[in-house]
2 protein chains.
Amino acid sequence: MKTLNVDLGERSYPIYIGEGLLDQGLMCQHIRGKQVLIVTNETVAPLYLARLQASLGEHYQVDTVVLPDGEQYKDLTQINTIFDRLLECRHNRTTTLVALGGGVIGDMTGFAAACYQRGVDFVQVPTTVLSQVDSSVGGKTGVNHPQGKNMIGAFHQPQCVVIDTQVLNTLPERELAAGLAEVIKYGLIYDAEFLDWLEENMDALNAREPEAMIQAIYRSCEVKAEVVAQDEKESGIRALLNLGHTFGHAIEAHQGYGQWLHGEAVGAGTMMAVDLSQRLGWISADDVVRARKILLAAKLPVIAPDNMTANDFMDLMAVDKKVIDGQLRLVLLKQLGEAVVTADFPAAMLEQTLAAGDQLGQITSA
Amino acid sequence: MKTLNVDLGERSYPIYIGEGLLDQGLMCQHIRGKQVLIVTNETVAPLYLARLQASLGEHYQVDTVVLPDGEQYKDLTQINTIFDRLLECRHNRTTTLVALGGGVIGDMTGFAAACYQRGVDFVQVPTTVLSQVDSSVGGKTGVNHPQGKNMIGAFHQPQCVVIDTQVLNTLPERELAAGLAEVIKYGLIYDAEFLDWLEENMDALNAREPEAMIQAIYRSCEVKAEVVAQDEKESGIRALLNLGHTFGHAIEAHQGYGQWLHGEAVGAGTMMAVDLSQRLGWISADDVVRARKILLAAKLPVIAPDNMTANDFMDLMAVDKKVIDGQLRLVLLKQLGEAVVTADFPAAMLEQTLAAGDQLGQITSA
């Protein structure tokens, strides 16, 4: 087992990463009351809920709530279901909520914990690559609104995160690829050496080889933890983590949440950010090819859905959280391994990228 | 105009108190973006919305949302109405929400601000005595759940609070009394000298004389600010502010939100806390009479509704936020001007208080 400490002063917490952690009761040392509510979904519950309950032993009042599975259910209605259960079972403000599932369950459980009695503890047990490397780290919680993804939420740090790589054996292929989109992102924005390592190990990751998987998750969490520790409330550097996300969120919103997986949309969105970075002369055509190749190797889409126009993108991106006083800001690459947030690009170049369509999948080496 | 600074480190904010402040645009120096959403209700809007809008001048995009009036509408549905409006008008994360109304509007606007895009600025313009001395100070925000008051919420500090005592001229009598319940509370828990002053000035306060009103509001905010500054997240001393509230919340929940005003329920609840404090031998029969007299002078109820049994109270108090691992804690008086939070009282004495019924209104001097 590897342990990573996310350093946030009095809100610091550990991330445990290893094989078979689900059964080891590691979270018990982080539960301060006698009540626990496990929040999970209909897909994960039959696979892992009983094991997690067993790992808690007999010391707690353990209640459970099983939500429907899918991004389309990430809304205030489900949050209310969690509140109903907490009150029905008379949980008080020393309760601990445990999120057992992917990013949707993690974000909703964290948000419910942030708001129940104005804030109670929570623990993350992420069961997808995406949530293990992204939404379980950094304290972002929330739900979607019909007019925008993650528009409602709170910053709320977990007491600990328990990542068991064994649970990935039941993960569908598409979900694996979607998670790898975020792993690749960390290489692109922050660590060129990690990008090299990923290029060499993509076959092992596709085959879910434990050693490679632990290493990829560990380094991804480490990069994210470093960035978040510098900028907990997302005023500056943390925004770099959103490479491909402004385009990606527009894709998700346009297609309807749950149609494109978050990581798939980020894959195509990353390719758009890479394309615009090249048009600005910041990265080379060879860099673009490298980015495209590794995304394709992870079995990710690299072009936006063909039913989306440039106008669709502009409309949907206008409500992005990185818009400040009407100005759209994007995360772009200065070079492979270094990103910036900027509003300083010609509108015409952005339009060219939005109009490029399936050319983004066809760029050949210079 | 008097200005009080609530000292919370980087989340410190000023409270401005005076006559006619509504028109003076004091909040503009605390608005950092170009967008403002004023949240108010159907009662307050026709009286003061246009004046507040005019005070902001031409520098901002000012949108408004008018909610139905009443505690029964303090729920997630109304919060969603605020989110809908924010997204419809494309407000970004530099927006400022302005709460124009009583405690319900303040709590909901603050909670919406805490959650919109994971936290935006807000300003309070409280229009009732209750919200001026209580819910506008201290950063507590939230909504009710059918099974408990304020069960869902967040701690979120405003950028500033603007208290215009002129707006109290349109306040209904019952609302005035309900606000004075909280004013009296500050005397009972923290400041015996202020209690003396209130006994002398209750007629002036009932007559809404500006000078007395400003003084009462200023000292109440000052006491609350002192307490909150010591304990922002309510782990200890801040709980003293809940004198009468555990009983009062049970009354509100039992009667249905909006039937008894919060301050009316706190009035009767305070009398129950006073009664139990005397049974414990902490305060004298004369102290009980003083408490009863000042509550009655403020035109407040001092006995619980006659349709409530001791069992009703016990059931409803079991979900109180001050319950820790099954133990009910109450705020009781050590003497007039000094309160404690304690679970250390015989259950039988609490039962006697709950069974005392209208005797609480009939206690005579020793």
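Is Gln78(B) buried or exposed? In this predicted model, Gln78(B) belongs to helix H2 of chain B, which comprises residues 76-88. Its relative accessible area is 9%, and because residues under 20% count as buried, Gln78(B) is assigned to the buried class. When residues up to four places away in sequence are left aside, the contacts of Gln78(B) are with Leu67(B), Pro68(B), Tyr73(B) and Met108(B).

In chain A, seven strands assemble into an open sheet of mixed pairing, in which the strands follow the order E1-E2-E9-E6-E5-E3-E4. The edges of this sheet are formed by strand E1 (2-6) and strand E4 (61-67) of chain A, each of which pairs on one side only. Neighbouring strands of the sheet are turned against each other by 15° on average, with direction ignored. Within the sheet, strand E2 (residues 13-18) and strand E9 (residues 160-164) of chain A run parallel and are joined by four bridges; for Ile15(A), the bridge partner in E9(A) is Val161(A).

Two helices of chain A pack on this sheet. Helix H1 (residues 45-55) of chain A touches strand E3 (35-41), E4, strand E5 (96-101) and E9 of chain A, and the direction of helix H1 makes about 165° with that of E3(A). Helix H2 (residues 76-88) of chain A likewise packs on the sheet, where it touches E3, E4 and E5 of chain A, and its direction makes about 155° with that of E4(A).

An unreviewed UniProt entry lists residues 65-177 of chain A under "domain: 3-dehydroquinate synthase N-terminal". In the model, this span of chain A is 34% helix and 30% strand, and the C-alpha atoms at its ends lie 28 Å apart.

A further packing arrangement in chain A involves helix H5 (residues 173-190) and helix H7 (residues 210-230), which pack at an angle of about 55° with their axes 10 Å apart. H5(A) and H7(A) are therefore oblique to each other, and H5(A) passes H7(A) in a left-handed crossing. On the side of H5(A), the contact is made by Leu176(A), Val183(A), Tyr186(A) and Tyr190(A). The residues contributed by H7(A) are Met213(A), Ala216(A), Arg219(A), Ser220(A), Val223(A), Lys224(A), Glu226(A), Val227(A) and Gln230(A).

Definitions and conventions:
Residues numbered from 1 in each chain as written. Chains lettered and ligands numbered in written order. Predicted model: local features only at pLDDT ≥ 70, side-chain atom pairs only at ≥ 80, totals over all residues. Heavy atoms only, no water. Pairing = 2+ DSSP bridges. Axes fitted to C-alpha atoms, helices over the stretch in contact; angles between N-to-C directions. Contact = heavy atoms within 4.5 Å. UniProt positions renumbered as here; feature names shortened; annotations may be inferred. Buried < 20%, exposed > 50% of the residue type's maximum accessible area, 1.4 Å probe, protein only. Parallel < 35°, antiparallel > 145°, perpendicular 65-115°, else oblique. Left-handed = near helix turned anticlockwise from the far one by under 90°.
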